[in-house]
Amino acid sequence: MRSDADLSKLVNQSGFPLQLAIDRLVQDRSDQLGWKVVYREHGWRAPDGQVGFIDLVLENQWGTSVLVIECKRVLEADWVFLEELPASSPSLRTRLWATNTPNHGKEHSGYYDASAMPESRESMYCVVAGQDAKSRPMLERVASEVSAAMEAIAIEELPVITKRGPGLRMYVPVIVTTARLVVSQLDPKLVTLQNGEASAIAHQVQPWIRFRKQFSSEYAVEPKNPEWNFSELAAAKEKLVFVVNVESFPDFLAKWSVQDHSLRALM
């Protein structure tokens, strides 16, 4: 029989206490932050048959923004995101899922490129200590799953939104983690080709990151312009997941907003 201490250790080895703590934080500060919890441990099924459960789904006070959240508890971990020098400015670009009813503007249900606060660094490379070099990187796998969950929930809600009347509802996948998030800037010119090692790497701790890359071979945004070059076609497959350190999550919620000018194509 396990002792009480062993049972407590077993509980704390799971991610559920973190999930419950984030849930409670949003409930207790709902008036201040402007968000509420709408789903917990929500089951989802994607059109391709993929199924799962998402930890939390939050909705802002206007019902226009929805955050689909996976909570990841890791111990004494750094998630290191690479940024190539010369570095770009912090980004506002956000590929989210937008559902717009036809009587509210241009009918749309799918990925949409908008500008959203808060700004952040953006990366498509993440290094995690102890990761198996032969398997799919952990963050890519989790990001792919939370993106699939977000898409499935948006599709699930579509008939209800349509019946309700005019409205715009935007969905964003988010990973909230106890890991420290670090951006490591390196100059490819200073990488030694003989051993593949970089020198003069600069490291900066960040509260949140935009993790943007292709999680599958499918297009997120369908190519509509025959003049698109191959780089633009590749970018059309990219999806974006916010990765947020849990201690910065309240600040992330308080700062979240989608800029009106970036939504004009839907109006």
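Thr177 of strand β8 stands opposite Asn245 in β14. The exercises below start from that strand; the model is predicted.

**Exercise 1. Find the pairing partners of β8.**

Task: Which strands pair with β8, and in which sense?

Solution:
- Step 1. Begin with β14 (residues 238-245). It runs parallel to β8, and four bridges join the two. The Thr177–Asn245 pair belongs here.
- Step 2. Go to β3 (residues 65-72). It pairs with β8 in the parallel sense over eight bridges. Glu70 has Ile175 of β8 as its bridge partner.
- Step 3. Add β5 (residues 91-100). Its pairing with β8 is antiparallel, over four bridges. Here Trp97 stands opposite Tyr171.

**Exercise 2. Judge the surroundings of β8.**

Task: Are the residues on the two faces of β8 buried or exposed?

Solution:
- Step 1. In a regular strand, side chains alternate between the two faces of the sheet. Sort the residues accordingly.
- Step 2. One side carries Leu168, Met170, Val172, Val174 and Val176, all buried.
- Step 3. The other side carries Arg169, Tyr171, Pro173, Ile175 and Thr177, also all buried.
- Step 4. Ten of the ten residues of β8 (residues 168-177) are buried, so the strand is largely enclosed by the rest of the structure.

**Exercise 3. Map the largest nonpolar core.**

Task: Which residues touch the most other members of the largest nonpolar core?

Solution:
- Step 1. The core has 37 residues; Val68, Trp79 and Phe81 touch the most other members.
- Step 2. Helix α4 (residues 138-164) gives the most to this core, with twelve residues.
- Step 3. Follow Val68. Leaving out residues up to four places away in sequence, its contacts include Val146, Ala149, Met150 and Ile153. Val172, Pro173 and Val174 are also among them.
- Step 4. Another core lies apart from this one. It has 32 residues, including Leu56, Cys71, Leu240 and Phe252.

**Exercise 4. Check the unusual backbone.**

Task: Where are the cis peptide bonds, and which residues other than glycine have a positive phi?

Solution:
- Step 1. Recall the background. Most residues other than glycine have a negative phi, and most peptide bonds are trans.
- Step 2. Leu85 and Pro86 are joined by a cis bond, with omega about 0°. Pro86 is in the loop between β4 and β5.
- Step 3. Met117 and Pro118 are joined by a cis bond too, with omega about 5°. Pro118 sits in strand β6 (residues 108-123).
- Step 4. Glu76 has a positive phi of about 45°. It lies in the loop between β3 and β4 and is exposed, at 86% relative accessible area.
- Step 5. Ala200 has a positive phi near 55°. Its loop runs between β11 and β12. At 61% relative accessibility, Ala200 is exposed.

Note on methods: Residues are numbered from 1 along each chain as its sequence is written. This is a predicted model: local features need pLDDT of at least 70, side-chain atom pairs count only at pLDDT 80 or more; totals for chains, interfaces and linings use all residues. Side-chain values use heavy atoms; hydrogens and water are left out. Buried means under 20% relative accessible area, exposed over 50%, partly exposed in between (1.4 Å probe, protein chains only). Two strands pair if DSSP finds at least two bridges between them. A nonpolar core is a set of buried Ala, Val, Leu, Ile, Met, Phe, Trp, Tyr and Cys residues joined through side-chain atoms within 4.5 Å. Contact means heavy atoms within 4.5 Å.
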